[in-house]
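The following exercises concern strand pairing, burial and core packing. Each task is followed by a solution in steps.

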Amino acid sequence: RSTTMAEEPPPGSRPKPPMSRIMRLSLRAVDYVADATRRADGTVNRRVLSLLDPRVPAFSSPCRGVASRDVVIDPTLRVRARLFHPARPGDAKGAPLPVIVFFHGGGFAFLSAASLAYDAACRRIARYASAAVLSVDYRRAPEHRFPAPYDDGLAALRFLDDPNNHPADAPLATSRCFLAGDSAGGNIAHHVARRYAADVPAFKNVRLAGVIAIQPFFGGEERTPSELRLDGAPIVSVSRTDWMWRAFLPDGADRTHEAACFTSPGAAAGMDSPAFPPVLLVIGGYDPLQDWQRRYCEVLKDSGKDVRVLEYPDGIHAFFLFPGFDDARNLMTRIAEFVGESDDDGGTEQ
């Protein structure tokens, strides 16, 4: 195979997406957190990271119209999740809520369901989509490599499959279940959907109605034109993504591994199943990973899957986490529309 090595862009050539100076400074702070806590030996300084990324608590009382609580989805592995749901007036239960199982980004190694940005984002999704959001606090690399987060995603579906785990004050319509995530979380959502689709009979109640892949993190040994052109854009750089794959993939594996490369033979299981649901794919014009995301779209279409692409030409990687961007607010509306279609269709038959 041929591999193109990325080169550092010459001075003055770094991509400059349109944004305010304050936003640009905020993004530099995000870059600093990742670079200050990842070590050259492939480990993460968790102590420093806990100071730079403090966990925020759940709120049983409604905050901006959405209540939240922390739940244990797998006691054996001690995997937790944060459940968000729109507040109901008084003792009203109302109609069961569709469920969005969400996986946060962070290159498989950083951030959590309790990170401020993701707590706020999941709260917005729940409010806009009138849905319950189960944000999975999956095990992170490098302490827990492939396939740990995929296993944790299936554990979340098994948790939802048992009605005894549902909150009394927020009935859940698990026949209208979505998998969603951004960046590494989008990668996890895809692979969990594959695994679900390959073993649907294992679930009595959960039925997947869709995957919401927000700028999913895929890769390969090749350097794509967008990776070269946009290296140095906010959040994502070649050096950071290379480090993240090394931290997550099994020892000795390269980026042709099934976790990174969706065309790998090992990544095919479940893709040919009719239970693999429709995909809403989000692509940003200033995201260095966009070429991989477009190829992912082509693979889905070639497999006969229903895939819809939302293009945001000014979108940086992870733009949806920053409500100051107009595109972030627009995406919330489009997610709500995608989830709402499952109600109009009466659910997805599998």
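**Exercise 1.** Is strand β2 (residues 79-86) largely enclosed by the rest of the structure or not, and why?

*Solution.* The model is predicted: local features require pLDDT of at least 70, side-chain atom pairs count only at pLDDT 80 or more, and totals for chains, interfaces and linings use all residues. Residues are numbered from 1 along each chain as its sequence is written, and side-chain values use heavy atoms, with hydrogens and water left out.

Step 1: strands are DSSP runs (E, at least two residues) and helices likewise (H or I, at least four), numbered from the N terminus. Step 2: buried means under 20% relative accessible area, exposed over 50% and partly exposed in between (1.4 Å probe, protein chains only). Step 3: seven of the eight residues of β2 are buried, so the strand is largely enclosed by the rest of the structure.

**Exercise 2.** Identify the strands joined to β2 by bridges.

*Solution.* Strands pair if DSSP finds at least two bridges between them. Step 1: β1 (residues 66-74) runs antiparallel to β2, with eight bridges; Ser 68 has Phe 84 as its bridge partner. Step 2: β4 (residues 132-137) is also antiparallel to β2, through five bridges, and Ala 81 is partnered by Val 136.

**Exercise 3.** Determine how many residues of helix α4 (residues 148-161) are buried.

*Solution.* Step 1: α4 has 14 residues. Step 2: twelve of them are buried, so α4 is largely enclosed by the rest of the structure. Step 3: the buried residues include Leu 154, Leu 157 and Phe 159.

Methods:
The expected span of a helix is 1.5 Å times one less than its number of residues.
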